Amino acid sequence: MLYYVTRAGFSYTMWRFLRGHGRRRLNFLRPITYEGLFTSRSMPIGHYIFTDFDRLTHYENHYAALMARALQAHDPAVRILNDPAVVLERYALLKKLHRAGINDFDVTRLEGGDRPTRYPVFIRCEDHAPEPDSGLLFSAAEVEAAITELRSQGISLKRRIAVGYSAERSSDGDFRKYGVVCVGERVIPQHVLRGRDWYVKSGHLEHDAAFHAERLRFFNEFPHAAEMRKVMALANMQYGRVDYGMVGGRVQVYEINSNPKLGGLSPPANPDAAARRKGMHEGIATALAEIEATKTASGVLKVRRPEVRFQTLRRAPFNEWIEFNALRLAANFTPTRPKHKGESEGS
């Protein structure tokens with residue numbers, strides 16, 4: 001069995017993929033939540049993909065890492081994709097990619113007083129955020145003015161970073177962002193997005209014949225597989241979507257999404273788009289099946305909580321607790337009920 005671990009409320013990414021691709025064809029893949037693991041203090045033995053690191057507290061990340069270590073100690077055949085103890089999140093990843101010479105741009109943490117040395121930059125939260133906190137800033141004075149504005153709005157500089165700008169318009173005047181899903185050693189192109197603005201979050205421009213042909217070449221001739229494998233290795237990740245652009249003919253990596261959306265349920269109207277989505281789904285499904293093919297022990301493994309004071313774990317909602325215990329029952333394990341608020345460890 002292969003377990004896909006997300007925060008509660010964010011497993012829809014994999015459920016949509018399962019429904020779109022066919023649940024029966026991927027009956028070895030089970031989305032579960034950190035809350036379910038933390039509430040039960042145990043985990044079914046199998047292979048695991050950990051995700052959603054930017055949505056975990058430090059304590060939760062610590063517990064997830066202990067679970068990964070316990071699984072591999074119990075059965076060395078277990079494969080852990082995205083070990084929570086070593087995965088690099090946004091700031092550390094961008095800093096490492098710059099030092100490795102892959103990214104031309106750098107990143108700076110602002111809270112401690114450090115400031116960029118090259119411009120332009122933009123300010124954003126290093127965790128998940130819908131959009132940057134600022135537009136492009138072209139000088140130290142503009143950075144300080146933006147910081148003053150954020151503070152006036154009651155926005156803390158904690159986990160705020162200044163990211164160097166690295167993008168360029170294509171020949172048609174639009175910006176491009178590319179997405180590639182990596183699963184183990186497999187690299188599967190997912191999308192080409194274009195927009196009029198430098199910050200391309202999603203592609204909303206009309207897709208003409210030339211753009212359809214461009215995307216088809218990207219999927220069929222994908223030339224950046226070696227760079228993507230190197231980026232994933234530097235990030236200590238084995239699953240995720242790399243989002244990147246091209247500047248001066250060089251790959252510039254913006255982020256790795258550990259829990260990416262993999263496509264909706266309704267088929268695209270364009271036949272070429274439908275064929276691309278089907279090819280992407282088939283590639284991801286094949287890669288996941290290869291991960292799961294290694295046999296592991298059966299049963300359920302109990303993992304003690306780390307002894308850290310003044311920290312709490314988010315509990316699973318009752319319906320998720322019921323679903324999670326169904327998995328444990330399938331592994332011939334007797335479930336225990338979750339403690340009610342106020343109960344002690346010995347209650």
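## Parallel sheet and its packing helix

In this predicted model, strand β4 (residues 47-50) pairs with β5 in the parallel sense, and two bridges connect them. Within this pairing, Y48 has I80 of β5 as its bridge partner. The two strands belong to an open sheet of four strands, which runs in the order β2-β1-β4-β5 with parallel pairing. The edge positions are taken by β2 (29-33) and β5 (80-81); each has a single partner strand, so one side of each is left without a neighbour in the sheet.

Helix α1 (residues 12-21) packs on this sheet, where it touches β1 and β2. The direction of helix α1 makes about 160 degrees with that of β2.

## Aromatic pairs

The count of aromatic pairs in the model comes to 14. One of them is formed by Y4 and Y239, whose rings lie 5.6 Å apart centre to centre. Their planes stand at 85 degrees to each other, and the pair is classed as edge-to-face. This contact links distant parts of the chain: Y4 belongs to strand β1 (residues 2-6) and Y239 to strand β11 (residues 239-247), with the two positions 235 residues apart in numbering.

Both partners of this pair can be described by their accessibility. Y4 has a relative accessibility of 0% and therefore counts as buried. Y239 likewise has a relative accessible area of 0% and is buried.

Ring pairs also join Y3, Y34, F38, Y48, F50 and Y63 into a cluster. Y48, a member of this cluster, is also the residue bridged to I80 in β5.

## Charges over aromatic rings

Two arginines are placed over aromatic rings. R109 lies over the face of Y91, at 4.1 Å from the ring centre. In the case of R194, the charged end sits over the ring of F211, and the distance to the centre of that ring is 4.4 Å.

## Cysteines

A disulfide is a covalent bond between the sulfur atoms of two cysteines. With a cut-off of 2.5 Å between cysteine sulfur atoms, the count for this model is zero disulfides.

Two cysteines may be described by their accessibility. C125 has a relative accessible area of 12%, and C182 has one of 2%. Buried means under 20% relative accessible area; C125 is therefore buried at 12%, and C182 is therefore buried at 2%.

Notes
Residues are numbered from 1 along each chain as its sequence is written. This is a predicted model: local features need pLDDT of at least 70, side-chain atom pairs count only at pLDDT 80 or more; totals for chains, interfaces and linings use all residues. Side-chain values use heavy atoms; hydrogens and water are left out. Buried means under 20% relative accessible area, exposed over 50%, partly exposed in between (1.4 Å probe, protein chains only). Rings of Phe, Tyr and Trp (its six-membered ring) pair if their centres lie within 6.5 Å; planes under 30 degrees apart count as stacked, over 60 as edge-to-face and the rest as tilted. A charge sits over a ring if NZ of Lys or CZ of Arg is within 6 Å of the ring centre and within 35 degrees of the ring normal. Two strands pair if DSSP finds at least two bridges between them. Contact means heavy atoms within 4.5 Å. Axes are lines fitted to C-alpha atoms, for helices over the stretch in contact, and angles run from 0 to 180 degrees between N-to-C directions.
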